[in-house]
Amino acid sequence: MTLRLSADTTGIDRAAQLLRQGGLVAFPTETVYGLGADATDARAVAGIYAAKGRPSFNPLIAHVPSLQAAEDLVHLDDLARQLARAFWPGPMTLVLPLHDGAPIADLVTAGLPTLAVRVPDAPLALQLLERIGHPVAAPSANPSGRVSPTTANHVEAGLGDRIDAILDGGPCPVGLESTILMPVDGTVRLLRPGGLPVERIEALLGTPISLEATGDTPTAPGQLASHYAPQGRVRLNVTQPDPDETLLGFGPVKAELNLSPTGDLTEAAAQLFGHLQTLDRMGAPRIAVSPVPEQGLGRAINDRLRRAAAPR
Ligand code: TXA
Ligand code: MG
């Protein structure tokens, strides 16, 4: 049974406590219900993918209570700040360069150098974010491939006992996901149309903007296929590594780096991007990877490993 939390101080306190402990809590924003996890906690973020059954690691939106909190995580140039001042809190997400050393789990950005951030326009969400004091990663709180939920009952029907709690704030007024923008070199790229109409953005900027990509496909610099592929050649499903190969292990094998010596898929997901980066820093010319079971989070892990192994 998933805990149903009420939209009052008691409910917010409990939701914040669960999130700080690494739990998964669905909460209402003005757009749709988000499935939240502490964005600084890799294991908690891995749990989002497990609960949603996502077959790949799409980058997630980090939710913060204010522009100031966003500035701690990402770099806003003049254009980004203009957009933020005009439309935050609100149904707009900005994809911006992540500060070096910002405390964001690699799994949130899917290893990209950019982070999607937004300040939701929902009092309950803002109070929750203030209370936690950490950015909260949250995709829409639906199983992968199903429609985004706009009520607590929707969330419960889809994710049921796969999450710790649902903060019930009634129906979401906008009902459509946020508009995603990437300001780059003085121009704005529209990555996903959503709850903030394009006309309002164009009216602010005085210039037309066009759609770069639709749906759940991140674009540049999210050329996800080979991004974060290590420089070395990657061979998958290896039980007997060659002598000149560096083994990225999974399970009880002798390996230079191990995603999870105990074979825990949540731990492996949490370690994945960090280990790929480490292999790159080591300059390993040939990398072998242990077999990872194609089930649960293993599907998303294998998807990413296949991209890392793809010829480029
Ligand atoms: O309204 C919303 O945006 C809701 C509520 C909960 O805030 N959230 C939401 O999240 O729709 P999600 O995960 O369903 O969609 C996030 C989108 C994905 O299409 C993802 O590819 C894109 O944001 N995205 C996230 N980080 C990105 C990045 N660094 N570069 C490009 N696209 C990114
Ligand atoms: Mg979604």
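These legends accompany several close-up views of a predicted model.

**View 1. Ligand 1 and the residues around it.**
Welcome to the binding site, where 24 residues surround ligand 1. The closest of them are T31, H63, T114, S178 and R192. Sorted by character, this shell holds 12 nonpolar, 7 polar and 5 charged residues.

**View 2. Polar side chains at ligand 1.**
Three side chains are worth picking out here. T31 places a polar side-chain atom 2.7 Å from an oxygen atom of ligand 1. T114 does its part with a polar side-chain atom 2.9 Å from a nitrogen atom of the ligand. In the side chain of R118, an N or O atom is 3.0 Å from an oxygen atom of ligand 1. Taken alone, ligand 1 exposes 680 Å², and the protein buries 98% of that area. Strand 4 (61–63), strand 6 (114–118) and strand 10 (187–192) are the elements that each give two or more residues to the shell. Strand 6 gives the most, with 3 residues.

**View 3. H63, a shell residue in strand 4.**
Here we zoom in on H63, one of the residues closest to ligand 1, which lies in strand 4. Is H63 buried or exposed? Its relative accessible area is 3%, so H63 is buried. The side chain of H63 reaches the backbone oxygen of I61 at 3.2 Å. Leaving out residues up to four places away in sequence, H63 touches F27, R118, P120, L129, P135, V136 and A138. One of these partners, R118, also has a side-chain N or O atom 3.0 Å from an oxygen atom of ligand 1.

**View 4. The largest nonpolar core.**
Now for the nonpolar interior. The largest nonpolar core has 74 residues, and F57, L83, V108, I163, L181 and I301 touch the most other members. Helix 9 (residues 265–282) gives the most to this core, with 7 residues. L83 makes a handy landmark: beyond its neighbours within four places in sequence, L83 is in contact with W88, M92, L94, L181, P183, V188, I201, L204 and L205. A second, separate core has 18 residues, among them I12, L19, V25 and L124.

**View 5. The cis peptide bond between W88 and P89.**
Do take a look at the backbone here. Most peptide bonds are trans. The bond from W88 to P89, however, is cis, with omega near -5°. P89 lies in the loop between helix 4 (78–87) and strand 5 (92–97). W88, on the other side of this bond, is among the contacts of L83.

**View 6. Positive phi at A110 and N237.**
Most residues other than glycine have a negative phi. Two residues to compare with that pattern are A110 and N237. A110 is not a glycine, yet its phi is positive, at about 55°. N237 is also a residue other than glycine, with phi near 55°. A110 lies in the loop between helix 5 (106–109) and strand 6, whereas N237 is in the loop between strand 11 and strand 12. Which of the two settings is buried, and which is exposed? A110 is buried, because its relative accessible area is 0%. N237 is exposed, because its relative accessible area is 55%.

**View 7. T239 in the loop between strands 11 and 12.**
T239 is found in the loop between strand 11 (233–235) and strand 12 (246–249). With 64% relative accessibility, T239 counts as exposed. For a sense of distance, the C-alpha atoms of T239 and I61 are separated by 36 Å, and the two residues are 178 residues apart along the chain.

**View 8. Two buried loop residues, V32 and N142.**
V32 sits in the loop between strand 2 (25–28) and strand 3 (33–38). Its relative accessibility is 5%, so V32 counts as buried. V32 and P149 are 117 residues apart in sequence, with their C-alpha atoms 5.8 Å apart in space. Setting aside residues up to four places away in sequence, the contacts of V32 include F27, S140, S148, P149 and T150. N142 lies in the loop between strand 7 (136–137) and helix 7 (152–159). N142 also counts as buried, at 5% relative accessibility. Its side chain makes a polar contact with the side chain of S140, at 2.6 Å. With residues up to four places away again left out, N142 touches K52, V147, S148, P149 and L159.

Note on methods:
Residues numbered from 1 in each chain as written. Chains lettered and ligands numbered in written order. Predicted model: local features only at pLDDT ≥ 70, side-chain atom pairs only at ≥ 80, totals over all residues. Heavy atoms only, no water. Near = heavy atom within 4 Å. Polar contact = N/O pair within 3.5 Å; in protein donor to acceptor, adjacent residues only side chain to side chain. Areas by Shrake-Rupley, 256 points an atom, 1.4 Å probe, with all protein chains shown as cover. Helix = DSSP H or I, 4+ residues; strand = E, 2+ residues; numbered from the N terminus. Nonpolar A, V, L, I, M, F, W, Y, C, P; charged D, E, K, R; others polar. Core = buried A, V, L, I, M, F, W, Y, C linked by side-chain atoms within 4.5 Å. Buried < 20%, exposed > 50% of the residue type's maximum accessible area, 1.4 Å probe, protein only. Contact = heavy atoms within 4.5 Å.
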